[in-house]
Amino acid sequence: MQEILDLRNLPSPEPIRPEKISGEIRPDQQTVHKPAAIAIAFIFIFIGLAYLYFGKNVLTAVFFFLVSFVVLIFAFKEKQTVFWEITRHGVAIDTSFFPYQELKSFWIEYQPGFIKEMSLKSKKWYQGYFKIPLREENPLKIREFLLQYLPEERHEDTLVEMISRKLGI
């Protein structure tokens with residue numbers, strides 16, 4: 001008769017790590033507060049008109065008009081599904097791929113019921129941060145996966161990021 005092997009007494013092997021973690025952000029998950037965006041665009045238009053009338057500064061006025069135009073474009077742009085994927089080689093967001101060599105650090109902002117997003121900081125000064133909202137994904141698994149490749153460093157939100165989060169753009 002063969003001896004029964006008790007698996008509980010054997011040393012546990014290395015945990016099986018996934019090859020990749022992926023997700024998507026559907027258009028119905030991308031909310032835009034259009035009335036707030038319109039109000040901000042009108043404020044920029046008003047500021048531009050004030051510069052034009054009181055300061056006689058055409059260049060600054062044109063800048064504020066362009067900013068209001070960009071806010072309106074982002075607010076009324078048709079939302080599309082965004083696919084993202086974290087692999088052992090880097091992070092892909094739609095058609096863009098960012099290898100870990102080009103990323104400086106990551107941070108996962110998690111406030112239950114309010115914010116659950118992953119932030120990736122680029123080494124390139126002109127790219128800044130990439131923010132990926134996490135919907136159904138487990139932030140602890142993503143954190144454990146990313147710690148193998150990137151250091152974890154707290155990323156503070158800028159004023160522009162806070163405003164765009166409130167507006168949903």
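## A tour around helix α3

Start by selecting L140 and K141: both are exposed, and they sit on the other side of α3 from the residues we visit next. Before you zoom in, keep in mind that this is a predicted model. Its pLDDT averages 84, and 88% of the residues score at least 70. If you colour by confidence, you will find the highest mean, 94, in β4 and the lowest, 74, in helix α4 (residues 159-167). As a general caution, predicted coordinates should not be read in detail where pLDDT is low.

**Stop 1: the buried side of α3**

Select residues 139-146, which make up helix α3, and show the side chains of P139, I142, F145 and L146, the buried residues of this helix. Why do they lie on the same side of α3? They do so because their arc around the axis is only 125 degrees. The background is simple: an α-helix has 3.6 residues a turn, so residues three or four places apart point the same way.

Now ask what these buried residues pack against. Light up β1 (20-25), β2 (82-87), β5 (103-111) and β6 (115-122): these are the strands that the buried residues of α3 pack against. Then move to the N-terminal end of the helix and pick N138, which caps it. Draw a distance from a side-chain oxygen of N138 to the backbone nitrogen of L140, and you should get 2.9 Å.

**Stop 2: the four-stranded sheet**

Select β1, β2, β3 and β4. They form an open sheet in just that order, with antiparallel pairing. Its edge strands are β1 and β4, each of which pairs on one side only. On average, and ignoring direction, neighbouring strands here are turned by 10 degrees against each other.

Look more closely at β2 and β3, which run antiparallel and are joined by three bridges. For a landmark, pick E85, which stands opposite A92 in β3. Bring α3 back into view: the helix packs on this sheet, touching β1 and β2, and its direction makes about 50 degrees with that of β2.

Stay in β2 and select T87. Is T87 buried or exposed? T87 counts as buried, because its relative accessibility is 14% and the cut-off for buried is under 20%. Expand the selection by contacts, skipping neighbours within four places in sequence, and you pick up E19, K20, F97, Y100, F145 and Y149. F145 should look familiar from the buried residues of α3.

**Stop 3: the three-stranded sheet**

Next, select β5, β6 and β7. This open sheet has the order β5-β6-β7 and antiparallel pairing. Here the edge strands are β5 and β7, each pairing on one side only. The average turn between neighbouring strands, direction ignored, is 20 degrees.

β5 and β6 pair over eight bridges in the antiparallel sense, and L103 stands opposite S122 in β6. α3 packs on this sheet as well, touching β5 and β6, and its direction makes about 165 degrees with that of β5.

Follow β6 on into β7. These two pair over five antiparallel bridges, and S119 stands opposite K131 in β7. Together they form a hairpin with six residues between the strands; in the turn, G128 has a positive phi of about 70 degrees.

Show the side chains of β7 (residues 129-133) and tilt the view. F130 and I132 point to one face and are buried, whereas Y129, K131 and P133 point to the other and are not buried. That fits the general pattern: in a regular strand, side chains alternate between the two faces of the sheet.

**Stop 4: two backbone torsions to check**

Most residues other than glycine have a negative phi, and two residues here depart from that habit. Select K56 in the loop between α1 (34-55) and α2 (58-76); its phi is near 55 degrees. K56 is exposed, with a relative accessible area of 63%. Then select D94, in the loop between β3 (90-93) and β4 (96-99). D94 has a positive phi of about 55 degrees and is partly exposed, at a relative accessible area of 42%.

**Last stop: S68 in α2**

Finish in helix α2 with S68, which counts as buried because its relative accessibility is 3%. Which residues does S68 contact, apart from neighbours within four places in sequence? Select A41, F44 and I45 to see them.

Technical notes
Residues numbered from 1 in each chain as written. Predicted model: local features only at pLDDT ≥ 70, side-chain atom pairs only at ≥ 80, totals over all residues. Heavy atoms only, no water. Buried < 20%, exposed > 50% of the residue type's maximum accessible area, 1.4 Å probe, protein only. Arc of directions from axis to C-beta. Contact = heavy atoms within 4.5 Å. Polar contact = N/O pair within 3.5 Å; in protein donor to acceptor, adjacent residues only side chain to side chain. Pairing = 2+ DSSP bridges. Axes fitted to C-alpha atoms, helices over the stretch in contact; angles between N-to-C directions. pLDDT = per-residue confidence, 0-100.
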